[in-house]
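Work through the backbone exercises below with the coordinates open. Each task is followed by a stepwise solution.

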Amino acid sequence: MIKERIFTVGITGASGAIYGIRLVQELLKADYKVHLMITEAGWQVFKEEHGYDTSDRDQLLNELFGHDNSNLYYHTLREFTAPIASGSYRNEGMVIIPCSMGTLSSVASGASSNLLERTADVMLKEGRKLLLVPRETPLNQIHLENMLKVSKVGGKIIPAMPGFYQLPRTMDDLINFVVGKVLDNIGVEHQLFTRWGDLK
């Protein structure tokens, strides 16, 4: 029985780093412990899409997620001694958001060349939740086959496709819809969007 509320989040170099940022913020707000990994390409997206100064990564993480947040654990991709690298470390699952096609390929093939890939492999072998949020278009056959492979072994694919039935008015509305769907699928309560049936 898991006593602590723990999730792992990986942010890769696909466009849409804001999805990962918003997810981590919501998990921390809900008092979950979050183990976070960001690939080098992911850091580049932070700079290119958001204009963040990534020269001091610790400082940026503090600005995004709180200077005194004791529930956030950041790991580099070479930190194989991190607890999340082992199946004996219990947590409720992992979300890779956004998930690049390169990371998808590595997960689908069972690669464990870095901590993010190893942790995803742990989730699958232990039968825990693994959600991938791909952000790519168009998709070729290799992409689709890799998604199917991950789905067949227990992972879940949640493409970054915002719905419009809630009548979004801002960019935040679109971001929150995607992140809210992720939270729904890992069993975390949220108020990020108005559900169908609750619309007036």
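**Exercise 1.** Locate leucine 167 in the predicted model and classify the residue as buried or exposed.

Solution.
- Step 1: Leucine 167 sits in the loop that runs between β6 (156–157) and α7 (171–185).
- Step 2: The phi angle of leucine 167 is positive, about 55°, although this residue is not a glycine.
- Step 3: The relative accessible area of leucine 167 is 65%. The cut-off for exposed is over 50%, so leucine 167 is exposed.

**Exercise 2.** Repeat the analysis for aspartate 31: which loop holds this residue, and what is the sign of its phi?

Solution.
- Step 1: Aspartate 31 belongs to the loop between α1 (17–29) and β2 (33–38).
- Step 2: Phi of aspartate 31 is about 70°, hence positive, and the residue is not a glycine.
- Step 3: With a relative accessible area of 53%, aspartate 31 passes the cut-off of over 50% and therefore counts as exposed.

**Exercise 3.** Determine the configuration of the peptide bond between isoleucine 97 and proline 98, and assign proline 98 to its element.

Solution.
- Step 1: Omega for the bond joining isoleucine 97 and proline 98 is about -10°.
- Step 2: This peptide bond is cis.
- Step 3: Proline 98 is placed in strand β4, which covers residues 93–99.

**Exercise 4.** Do the same for the bond from threonine 137 to proline 138. Where does proline 138 lie?

Solution.
- Step 1: Omega is near -10° for the peptide bond from threonine 137 to proline 138.
- Step 2: The bond is cis.
- Step 3: Proline 138 is in the loop between β5 (129–134) and α6 (141–152).

How values were computed:
Residues numbered from 1 in each chain as written. Predicted model: local features only at pLDDT ≥ 70, side-chain atom pairs only at ≥ 80, totals over all residues. Heavy atoms only, no water. Helix = DSSP H or I, 4+ residues; strand = E, 2+ residues; numbered from the N terminus. Buried < 20%, exposed > 50% of the residue type's maximum accessible area, 1.4 Å probe, protein only.
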